[in-house]
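Dear colleague,

I am passing on the structure we spoke about, and I would be grateful if you could look through it before reading my notes below.

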Amino acid sequence: MVSRLDGLLEHIARLERDVEVELNRARAQWRYRIDRGRVRFEQDVRVAHLRLKQGIPRFLRESSVRNLLSAPVIYSMIAPIALLDLWITVYQAIGFRLYGISLVRRSDYIVIDRQHLAYLNWIEKVNCVYCGYSNGVFAYAREIAGRTEQYWCPIRHAKRLRAPHSHYRNFSDYGDAEGYRRQLLPLRRDLRPAPRSKGGEP
């Protein structure tokens, strides 16, 4: 039986699809396309972007002292984030193969492309690369953790969970013992890699 919570989670999924549609509209509005993995702006747009680029001296003058002093603290996180990236990749390479769970494609979550924007100076570009990498690693780790949770403990929490991962909507309700036993194996099967066709294509 579909609960009201299931309906709300499905509504959230529909909204996420709507967000993707709006992103495609933004591409048309800002006049760029994705060509073989690279972002391509129309020439006149790129020229306009270059005119809006802020030079380094002005950028530093206009930055607050607080921002400048906190930069080393922010960038100190690169070591633990890179370690998480490595560790979670090794974990899924071993664990997911043992459990029969399809591997998470790292490139789907770690997207680094904002450094190609002509209106950013090199400090802003470095900042954008760092933020894209860091948030991508967290999203990548979250997806791996979500699949792990679906395999081992697909039960919703009794307390409200803010921004649950995408697998959470399929979990059994807290306290629904029969539902948990009934859903556990199907939820595990859902995590298996898609079968390949005879030609080798998925």
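What follows is a short account of the overall fold, then of one helix, and lastly of a patch on the surface.

Please keep in mind throughout that this is a predicted model. The protein has 7 helices and 2 strands, and along the sequence these elements follow the pattern α-β-β-α-α-α-α-α-α. Of its 202 residues, 25% count as buried, and the accessible surface of the protein comes to about 14,700 Å², with 59% of that area belonging to carbon and sulfur atoms. If one takes the contacts between residues at least 6 apart in sequence, 57% of them join residues at least 24 apart.

Helix α7, which covers residues 177-190, has 14 residues and reaches 20 Å from its first C-alpha to its last, close to the 20 Å expected at 1.5 Å a residue. Within α7 there is nevertheless a kink of about 40° at Q183, shortly before the proline P186. The residues G179, Y180, L184 and L187 of α7 are buried, and what covers the buried residues of this helix includes α6 (122-152).

On the surface, L83, L86, W87, V90, I94 and L98 make a nonpolar patch of about 690 Å². One of these residues, L83, is found in helix α5, residues 78-99. L83 has a relative accessible area of 48%, and because exposed means over 50%, this residue counts as partly exposed.

With best regards

Technical notes:
Residues numbered from 1 in each chain as written. Predicted model: local features only at pLDDT ≥ 70, side-chain atom pairs only at ≥ 80, totals over all residues. Heavy atoms only, no water. Helix = DSSP H or I, 4+ residues; strand = E, 2+ residues; numbered from the N terminus. Expected span 1.5 Å × (residues − 1). Bend = angle between axes of the 7 residues up to and from the residue. Buried < 20%, exposed > 50% of the residue type's maximum accessible area, 1.4 Å probe, protein only. Contact = heavy atoms within 4.5 Å. Areas by Shrake-Rupley, 256 points an atom, 1.4 Å probe, with all protein chains shown as cover. Patch = residues over 30% accessible without salt bridge, like charges linked within 9 Å, V, L, I, M, F, W, Y side chains within 5 Å. Salt bridge = Lys/Arg side-chain N within 4 Å of Asp/Glu carboxyl O.
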